[in-house]
Every structure is written in C-alpha cells, then in structure tokens.
Amino acid sequence: MNNLISMRDLKRAEIESILDFAARIEQGDVRPDLTGKLAALLFAEPSTRTHFSFDTAMKRMGGQTLSMSGTSSTSLQKGESLADTLKTISMYADLIVLRSAVEGSARFASEVVDIPVINAGDGANQHPTQALLDLYSIIKTQGRLDGLSIALVGDLKFGRTAHSLVQALSEFSPRFFFISPQHLALPSYLLEDLREAGVPYQELTSLDGIVPDLDIMYVTRVQRERFVDPEEYERVKNSYVITPAVLEGAQPTLRVLHPLPRVNEVSTAVDRTTHAYYFQQAANGVPVRQAILAKLLGTEGTK
Amino acid sequence: MKQLKVDAIRNGTVIDHIPAGKAWQVAEILKIHGSQMLVGMNLGSRKHGRKDLIKIEDHELSSDEANSIALIAPMASISIIRDYEIAEKIPVAIPEAIAGLILCPNPACVTNLEHIKTHFVTSPQHGDGRIRVRCSYCEKRYLVDDVRIST
C-alpha cells in the first residue's frame with residue numbers, strides 16, 4: 001500500500017490487515033515508532049474529528065504534524081494550482097493527509113507527489129479512513145464483519161461516509177437496508193455496483209418493521225440545506241430520528257453508529273442505552289489512523 | 001429501399017453502421033485533417049434501422065483510431081479500401097481505459113478544475129447493451145451518451 005485514496009482500491013485481505021494491525025496497536029501489542037516523521041495535515045474543508053484524530057495518531061507514535069485549515073492560509077488563495085501547492089509541501093513532509101471539497105483531489109495528489117497521500121474526504125466521493133474505522137467499530141462490537149444486516153439511515157446521497165462504508169462492506173457478504181427520503185437515496189452508480197457484486201439490498205423510506213433484523217444501524221445527518229422544499233424537510237425530518245422507542249424490539253447486540261457530528265438525528269436518550277456506540281466509534285479513529293499512518297510510513301514496528 | 005448515392009472511394013476507409021446522428025462526433029474524435037471525407041447521415045440500414053456512414057479518402061484507420069470511436073459507435077464496421085476493394089476489416093473493441101478523450105460531467109471533479117488529462121475505465125456492458133464509463137478521479141459512473149467528447 002503506497003497511498004490510501006479509495007475503498008475501491010482495497011481488497012478484503014488489505015482491509016483485514018489494517019484492522020488487525022489497529023487492534024494490536026490498541027491493545028499495546030505493537031508500538032510503531034514514527035520519531036522524526038512529519039505528516040502534513042491539509043484540511044481545505046472544516047473537520048474536527050478527522051483532523052484531531054490524525055494529529056493524535058501521529059503524536060502518539062512520536063511523529064509530528066504540520067497543519068493547515070481552510071484555503072485562506074495557503075497560496076491556493078493566490079491562484080496557485082493544487083498541484084504546485086502539493087509538490088511544495090511534499091518537499092517538507094513525509095506524508096500528506098488531504099481533505100478537500102474537490103472530488104478526486106486525493107487521487108490527483110497521489111499522482112503529483114512522491115510521498116504517501118491519505119484521502120481524508122474528497123467532496124461527496126470517498127472517506128476511506130472513516131470507512132475503516134467504521135469497519136473496526138463493527139468488528140469490535142459484532143466480533144465479525146461477514147454476513148451482517150446493516151441499515152444506513154439518513155442522507156445517503158451526499159454522505160461520503162455512507163458511500164465508502166457501503167463499498168467497504170460489500171466485500172463481506174452483507175445485507176443492506178438503505179433508509180432515506182427518496183431524493184437523498186444512495187446514488188445509482190453505487191447501487192449498480194452492488195447489483196453487479198450480487199449484494200442484496202432494499203431501499204426503504206422508513207425503519208418500520210426492519211429493526212429486529214439489524215446488527216448495525218448506521219445513522220447520518222439529514223441536513224436542512226439539502227432540501228429544496230423546506231416543507232418537505234419538516235415533513236420527513238422526524239422519520240429519520242432515532243429514539244429509544246425506534247430501537248424497541250432490536251437485538252441486544254444491535255449497535256447504533258454515527259460518523260458525528262450529530263444534530264438531532266440520534267436523540268440523546270439513546271446515549272444511555274446499550275445500543276449507543278458512536279462515541280467509542282470516534283475514539284476508534286485513533287488506533288485505525290495510527291495503523292494506516294504506520295503502514296504508509298513503512299514503520300509497522302515491533303514491541 | 002432507395003439508396004442515397006455516395007461515391008465509392010478508391011483508397012481509404014469506410015466506417016459503416018455508426019449510430020444515426022453520431023457521424024460528426026466520430027469525425028471529431030478521429031481528427032483527420034487533409035483527407036476528403038464523405039459523411040452520410042440517417043441512411044437506411046437493414047440491420048439497425050437508421051445509421052450514419054463515413055468514407056475517408058487516402059487514410060487507413062489504425063486499430064487505435066478504430067478503438068477510439070468504439071465508445072460512441074460500438075457496432076461500427078470498419079473496412080480498409082484499396083483500389084475500390086475491401087482489403088481488410090478492422091474490428092472495433094471497446095478499450096478498458098480511456099485517457100483524455102472524454103470530459104467528466106461532474107463539475108466538482110478535479111479534472112474540471114486542474115490541468116489533468118481525464119481517465120475513465122469502461123464497465124462491462126449491462127443487459128441493456130449501453131456502455132458505462134467511470135471517472136478514475138471522482139469515481140462517478142456515467143452512460144457514454146451523457147459524457148462530452150473533448151475536442
């Protein structure tokens with residue numbers, strides 16, 4: 001692995017190797033040493049968890065970071081091409097973590113620089129480190145990745161975390177339920193991929209009747225600004241709010257995941273149930289990103 | 001059926017069975033300068049209803065050129081003509097990857113914002129026989145009919 005750009009590039013064995021390595025890091029079985037390594041964290045779009053967890057992951061392994069948030073502090077503002085900016089930064093750092101609204105920017109970055117690139121989110125396209133930490137959370141809570149029933153709820157059209165997760169899980173014989181307002185449904189190109197791979201799925205507009213079947217409920221935010229018609233938003237917004245009542249009848253092992261930030265789509269009352277897992281999920285971002293950074297910097301380390 | 005009269009060529013290439021209305025696009029992709037071309041549009045065809053046809057004088061299409069038009073004319077039949085006779089038929093094959101020929105319709109794609117040669121991967125044909133291409137950068141998939149040819 002030279003870069004991490006898209007879940008599309010990862011085969012099942014590579015996914016398992018990253019997750020296994022993350023588990024060994026978390027348990028203290030391995031301690032990769034990144035002393036003297038410098039990661040440039042370029043976040044052209046706002047991010048809290050992803051940015052901080054990369055920063056934390058680097059520093060936990062003795063590495064250092066250069067951080068840049070927004071484009072205003074870079075020469076991109078002066079009209080410099082992304083290619084030139086990246087090439088320059090690659091002269092200083094050992095690895096680039098890139099978040100951008102431009103789709104395909106991380107793939108492009110990996111072609112113009114000679115150091116490893118990690119995609120930390122490119123527009124509505126991919127967010128592979130999030131997908132990997134989601135898989136890590138699933139395996140930690142379910143003990144396996146294979147053959148699970150997973151509902152993705154909310155905005156599935158623009159939610160790149162949902163896109164990456166669907167692709168990542170497709171390797172593990174899942175059964176999918178996609179629950180969203182009609183105009184925020186999963187993009188047709190992803191559904192086509194699933195049909196080609198023979199992965200069963202159902203598209204629904206509500207969770208009614210399926211909760212007892214689920215192992216994982218992955219909730220994303222339905223954003224008001226995605227609706228052309230405000231009345232439509234008011235009408236549907238509560239269909240996608242998870243409350244303890246919605247979770248009645250669920251298997252005791254059902255876990256609710258959410259990439260965060262949440263607004264009101266998972267009520268705080270759910271936090272007190274055994275189904276809530278979203279804060280641990282966010283914490284899982286650190287060992288998973290440590291594993292990815294250490295693999296790409298070629299220092300898998302031993303105890 | 002009444003046939004439109006198009007002069008035979010002595011040496012060159014005949015591209016037949018182009019989907020009706022696509023002849024200009026084929027000519028644009030081939031970018032053949034200096035050769036005389038005859039373009040027939042909406043001709044009657046026994047096999048496909050209506051079709052377009054192009055005759056190019058004194059230019060023999062290479063197989064790379066033939067494959068470059070495969071995306072929009074996958075059923076085209078290409079004949080090399082020497083001394084008024086068909087000397088050779090060139091098969092048209094849809095390439096697995098297409099570099100630079102088409103533009104990504106996604107306005108948020110990096111290929112529309114930076115100076116990058118586009119790159120697409122073709123998908124196996126579905127039951128509907130329509131060709132789909134996936135942008136290697138933004139990863140969106142499109143029907144060939146929905147992409148623009150870069151000229």
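Which residues of helix 4 of chain A are buried? In this predicted model, the buried residues of that helix are A:S105, A:A106, A:R107, A:F108, A:A109 and A:S110. Helix 4 of chain A spans residues 105-112, and since six of its eight residues are buried, the helix is largely enclosed by the rest of the structure. The elements against which these buried residues pack are helix 3 (82-92), strand 3 (95-100) and strand 4 (117-122), which belong to chain A as well.

Strands 3 and 4 of chain A take part in an open sheet of four strands, in which the pairing is parallel and the order is 2-1-3-4. The edges of this sheet are formed by strand 2 (64-69) and strand 4 of chain A, each of which pairs on one side only, and the twist from one strand to the next averages 10°. Within the sheet, strand 1 (residues 38-43) of chain A runs parallel to strand 3 of chain A and is joined to it by five bridges; in this pairing, A:L41 stands opposite A:V97 of strand 3. Helix 2 (residues 49-60) of chain A lies across strand 1, strand 2, strand 3 and strand 4 of chain A, and its direction makes an angle of about 175° with that of strand 1.

A further open sheet in chain A contains five strands in the order 7-6-5-8-9, again with parallel pairing. Its edge strands are strand 7 (201-204) and strand 9 (255-257) of chain A, each pairing on one side only, and here the twist averages 15° from one strand to the next. Towards one edge, strand 6 (residues 175-179) of chain A and strand 7 of chain A run parallel and are joined by four bridges, with A:Y201 of strand 7 serving as the bridge partner of A:F176.

Strand 8 (residues 216-219) of chain A is covered on both faces, for A:I216 and A:Y218 on one side and A:M217 and A:V219 on the other are all buried. This arrangement can be read against the general pattern that, in a regular strand, the side chains alternate between the two faces of the sheet. Four bridges link strand 8 of chain A to strand 5 (residues 149-153) of chain A in a parallel arrangement, and in strand 8 the bridge partner of A:V153 is A:V219. Strand 8 of chain A also pairs with strand 9 of chain A, in the parallel sense and over three bridges; in this case A:Y218 has A:L257 of strand 9 as its bridge partner. Together with helix 8 (residues 230-236) of chain A, strand 8 and strand 9 of chain A make a right-handed β-α-β unit.

Chain B contains two helices and 11 strands, and from the N terminus on its elements follow the succession β-α-β-β-α-β-β-β-β-β-β-β-β. The radius of gyration of chain B is 16 Å, close to the 15 Å that the globule rule gives for 151 residues, so chain B is as compact as a globular protein of that length. Taken along the principal axes, the C-alpha atoms of chain B fill a box of roughly 50 × 35 × 20 Å. Of the 151 residues in chain B, 30% are buried, and among the contacts in this chain between residues at least 6 apart in sequence, 61% join residues at least 24 apart.

One of the positions examined in chain B is B:A76, which is found in the loop between helix 2 (63-68) and strand 4 (77-82) of chain B. B:A76 has 23 other C-beta atoms within 10 Å and is therefore buried, the threshold being 20 or more. When its neighbours within four places in sequence are left aside, B:A76 is in contact with B:I15, B:D16, B:H17, B:I18, B:I69 and B:V92. The C-alpha atom of B:A76 is separated by 9.0 Å from that of B:L53, a residue 23 residues apart from B:A76 along the chain.

The contact between the two chains takes 17 residues from chain A and 15 residues from chain B. On the side of chain A that touches chain B, helix 3, helix 4 and helix 7 (188-197) of chain A each supply at least two residues, and the largest share, three residues, comes from helix 4 of chain A. The residues on this side of chain A divide into six nonpolar, seven polar and four charged.

Note on methods: Residues numbered from 1 in each chain as written. Chains lettered and ligands numbered in written order. Predicted model: local features only at pLDDT ≥ 70, side-chain atom pairs only at ≥ 80, totals over all residues. Buried ≥ 20, exposed ≤ 12 C-beta atoms within 10 Å, placed from the backbone. Contact = placed C-beta atoms within 7 Å. Pairing = 2+ DSSP bridges. Axes fitted to C-alpha atoms, helices over the stretch in contact; angles between N-to-C directions. Right-handed = clockwise from strand over helix to strand, strands pointing away. Nonpolar A, V, L, I, M, F, W, Y, C, P; charged D, E, K, R; others polar. Rg over C-alpha atoms; globule rule 2.2 N^0.38 Å.
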